[in-house]
Amino acid sequence: MAPNGLCPSIKNILLLDSEGKRVAVKYYSDDWPTNSSKLAFEKFVFTKAVKTNARTEAEITLLENNIVVYKFVQDLHFFVTGGDDENELTLSSVLQGFFDAVTLLLRSNVDKSEALENLDLILLCLDEIVDGGIILETNGPLIAEKVTSHNMDADAPLSEQTLTQAWATARDTFTRTLLT
Amino acid sequence: MAQPLVKKDDDRDDEAEYSPFMGIEKGAVLQEARVFNDPQLDARRCSQVITKLLYLLNQGETFTKTEATEVFFAVTKLFQSKDMGLRRMVYLMIKEISPSADEVIIVTSSLMKDMNSKIDMYRANAIRVLCRITDGTLLAQIERYLKQAIVDKNPIVASAALVSGIHLLQTNPEIVKRWSNEVQESVQSRAAFVQFHALGLLHQIRQNDRLAVSKLVSSLTRGAVRSPLAQCLLIRYTSQVICESGNNTQSGDRPFYDFLESCLRHKSEMVIFEAARAITELNGVTSRELNPAITVLQLFLSSSKPVLRFAAVRTLNKVAMIHPTSVTNCNIDMESLISDQNRSIATLAITTLLKTGNESSVDRLMKQITNFMSDIADEFKIVVVEAIRSLCQKFPLKYRSLMNFLSNILREEGGFEYKKAIVDSIVILIREIPDAKETGLLHLCEFIEDCEFTYLSTQILHFLGIEGPKTSDPSKYIRFIYNRVHLENATVRAGAVSTLAKFGAAVDELKPRIFVLLRRCLFDSDDEVRDRATLYLNTLGGDGSVVETDKAVKDFLFGPFDIPLVNLETGLKNYEPSEEAFDIDSVPKEVKSQPLAEKKASGKKPTGLGAPPSGPPSTADAYQRALSSIPEFANFGNLFKSSAPVELTEAETEYAVNVVKHIFDRHVVFQYNCTNTIPEQLLEHVIVIVDNSEADEFSEAFSKPLKSLPYDSPGQIFVAFEKPEGVPTLGKFSNVLKFIVREVDPTTGEAEDDGVEDEYQLEDLEIVSADYTLKVGVSNFRNAWESMGPDFERVDEYGLGPRESLAEAVNTVINLLGLQPCEGTEVVPPNSRSHTCLLSGVFIGNIKVLVRLSFGLDGPKDVAMKLTVRSEDETVSDAIHEIVASG
């Protein structure tokens, strides 16, 4: 991706279901140029990873010279892939950010049906985590906030905002006053 | 898995109920997209349709060009809506479609409006979208806004601009480089990610300016960085600066080491690990520097997080290759990781232990590995095999159990790379441990009985042909080889025929039996197999008549093949069918230098079955052709060697001249390549006056001047010298360029009539001993060394005096001799106290030379060297010693 090898870069983020099928995926590198090579990679990663127990702590492995970190919850499988010279903990922080954000966005009902119901949020979430391979944000709550902030139309009265949004706005204003 | 397998089908039924995308179709969704054109936009409905389109794209569906264009135009209509959620989906959609340049214009104004919106979310996203789809011309228009955005107080906006800058730097570097003031300002940002992105961009802008990077690093290491990711970047930049600033470990402290060490106490694990890894990767790291890093990695080994354990054990594994003793402290923690749930971690732990362990623990570890070999991926299996290979080299006495292990895993399922790693390891063991030879060969024989990889079968057959005849009972391999002739594809059959013939050539008792087998091959269905059988039967005298086999033919067919294949290929391509047969001796044997990367790779691990390295097509043929076109040089004979061009002028002077030295048996030809870099001048009657007063054994034979040398079109001048035949005559030549200058009117391009005589001093040129040696590699140095015999061996020891490092001394000697390093021995492992380097080549007069150099550090910096030369001629062996003695 980024030709400068020094900047950490993410090759892909995958969200697969219990059979390894796509819920949402995003590729940032040219390592898998065609859809079939992408599908082959997903299948390979899924079959290697599904045997392990990645439900309490994120797991990690090295596949085809890529580091893959992953975490499972219910019937959803989260994967983040980077090159084999990447800092493993950086990749795992991206995974954790993605996982936390999705958990917040789906209001803790983290399963496939809920994810598909809210696919727009998941896609926006992917968009806010990594841009062209470069990490944008790894803090789950902040990512979730960026995704949902559109509901908070600037013109809408405060009373129509949900409680979280109201809290977010309040915090925002508060920090701003603190900083200035 | 959450559900037991039986439930799977029920699951799928459930899915039908709950998936909102069940059974949706591209055509239908594209129809639905018409709602985008409604005068009264339903934002919710539009969002849903976009989500469906994105879902289709995400599942791998593609839009045709027209479909994409239609969707794009429809989507642009949605900018009318004020709905924020919809706008976000529009942004996403535009990025996914990535419109063509002429379509981009349609959305540009809308996006620019959003870029200046009051809503930060709009601004950030519009920047990212616009920079993604824009081209250079548009970028100039929005540059002003981007510069503002970089220093915007909203971190999301600033990050969006900075990240876009990182992407744009690849396509429009000159524009992005103008932003460095703003970027520098945002490096000081309080927002973690802004700092990270700004640092990343700033470094990329300055990466070609070493001094600037070094300044950046030294100012930031004083503690201005708060974000862990930015700190990781800083650590990477710091180790780059350390690496480039050279090595002053001897003089005491390494610059910036303190910074790296202090990062080991950072509160973020990510930073601690990055620093530890950076320290372990320092060039020539000492154990004192290494220890703090090892200590934190050791703590990570007992972490509850698999990612942390994996990262630590992987790094320690790498450290163990070079500094096994530093890692032994972690052995107890490693032992407990052998039973780790995560097989990747377990494998890395075991292979680390194999590297650090002692002889007594080998058997126990082997047992444990056997237990889980079937569970792990091929990548890790290869890691295990490589660890075992090096273990075997370390403890040759353990070869029996290790060889057993290798042969066992060879029988199991596995991919090509994995099998190749095993076969390579067995081959290396056979070569290095004589006792292991017979069992090893039998394992390989057994393997080809049932081997699905043609490449491996032919390589093993080839190897059998070399090693098999030298065993105590060569006849027992024949059956395995002949079976291949029955059961395999044509490629392997042909290989088997060659191997049979090698046995026949090497072992006289087997000859009659081999003939019987070869004659059967005459009826093979494949041309190549029949041809080979016929050829071998004829050369070995299998057709009944006792043929006096020509030694040269035998050498050619069964000896080592030392001509680089590319050279042979170009030789054959240039050969025109005629009465005269193709002469293999006319093919240059010199190995052209390989690209650096390849060299590195081959240096790291010993090559197993691989053929000798072959370089890119040589320039030698080009020279040969150019020279033979000049009639005066036609009778000089075959060109022995052409040197690389040597510059005789400084860069950017009026006239650029370099010289190529062509060495013939009795002559030396200097080819001066001249370029006139002054547009206002035309040079005429250009000659080089060569003074050979410091090279009195040479006498000038011929000089070919250049009639005219116009601006910027290179020309060649040739000067030939005669020298004593076949002797490495040395000397120094001084050169003066003489010519007549005529002024040229730059506007008309016409030269004035009268010229002025002028001369130009060039730098001196030397004929050195390396000019008389050719780099010719051998595939198996040990074999070549043994077959050369000690008849003309010359051994002597030299003190090389104080040197910067062992590697530097090795390189100097290699360059001095101009010979080809073999088997990757030119690479000196960091921190080693002694090194053996193997060289091979051809000396003028076509005499093969093999050199074994043993280097050792004597005292802190003094390097001592033992030089052993074997060649086909004692004068040449002596000559090599003279080169070193005088160099």
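Let's start in chain B of this predicted model, at B:Glu684, a residue of strand E5, which spans residues 681–694. Is B:Glu684 buried or exposed? With a relative accessible area of 19%, B:Glu684 counts as buried, because the cut-off for that label is under 20%. Its side chain has a polar partner: the side chain of B:Arg742 makes a polar contact with that of B:Glu684 at 3.0 Å. B:Arg742 is also one of the residues that B:Glu684 touches once residues up to four places away in sequence are set aside. That list further holds B:Leu706, B:Lys707 and B:Ser708, along with B:Phe739 and B:Ile740.

Now step back to chain B as a whole. Its secondary structure comes to 38 helices and 17 strands, and 52% of its 887 residues count as buried. Take the contacts in chain B between residues at least 6 apart in sequence: 63% of these join residues at least 24 apart. As for the outside of the chain, the accessible surface is about 42,100 Å², and carbon and sulfur atoms account for 50% of that area.

The cysteines are worth a stop on the tour. How many disulfides does a search of the whole structure find? The count over all chains is zero. B:Cys263 illustrates this, being in no disulfide: the nearest cysteine sulfur belongs to B:Cys232 and lies 8.6 Å away. Since a disulfide calls for two cysteine sulfur atoms within 2.5 Å, that pair does not qualify. B:Cys263 is nevertheless buried, at 2% relative accessibility. B:Cys46 is another buried cysteine, with a relative accessible area of 1%.

Finally, let's look at where chain B meets chain A. Here 64 residues of chain B are in contact with 64 residues of chain A. Between them the two chains bury about 5,700 Å², with 57% of that on carbon and sulfur atoms. Which three residues supply more of the area that chain B buries against chain A than any other three? They are B:Asn58, B:Arg236 and B:Val307, which supply 11% of it.

B:Arg236 also takes part in a charged pairing across the interface, as its side chain meets that of A:Glu86 in a salt bridge at 3.5 Å, N to O. In total, nine salt bridges are found between chain B and chain A, and 21 residue pairs across the interface are in polar contact. On the side of chain B that touches chain A, the largest share comes from helix H5, residues 84–97, with seven residues.

Definitions and conventions: Residues are numbered from 1 along each chain as its sequence is written. Chains are lettered from A and ligands numbered from 1 in the order in which they are written. This is a predicted model: local features need pLDDT of at least 70, side-chain atom pairs count only at pLDDT 80 or more; totals for chains, interfaces and linings use all residues. Side-chain values use heavy atoms; hydrogens and water are left out. Helices (H or I, at least four residues) and strands (E, at least two) are DSSP runs, numbered from the N terminus. Buried means under 20% relative accessible area, exposed over 50%, partly exposed in between (1.4 Å probe, protein chains only). A polar contact is a pair of N or O atoms within 3.5 Å; within protein, one must be able to donate a hydrogen and the other to accept it, and residues adjacent in sequence count only if both atoms are side-chain atoms. Contact means heavy atoms within 4.5 Å. Accessible areas come from the Shrake-Rupley method with a 1.4 Å probe; for residues, only the protein chains shown count as cover. Buried area is the accessible area (1.4 Å probe) that two parts lose on being put together, summed over both. A salt bridge is a side-chain nitrogen of Lys or Arg within 4 Å of a carboxyl oxygen of Asp or Glu.
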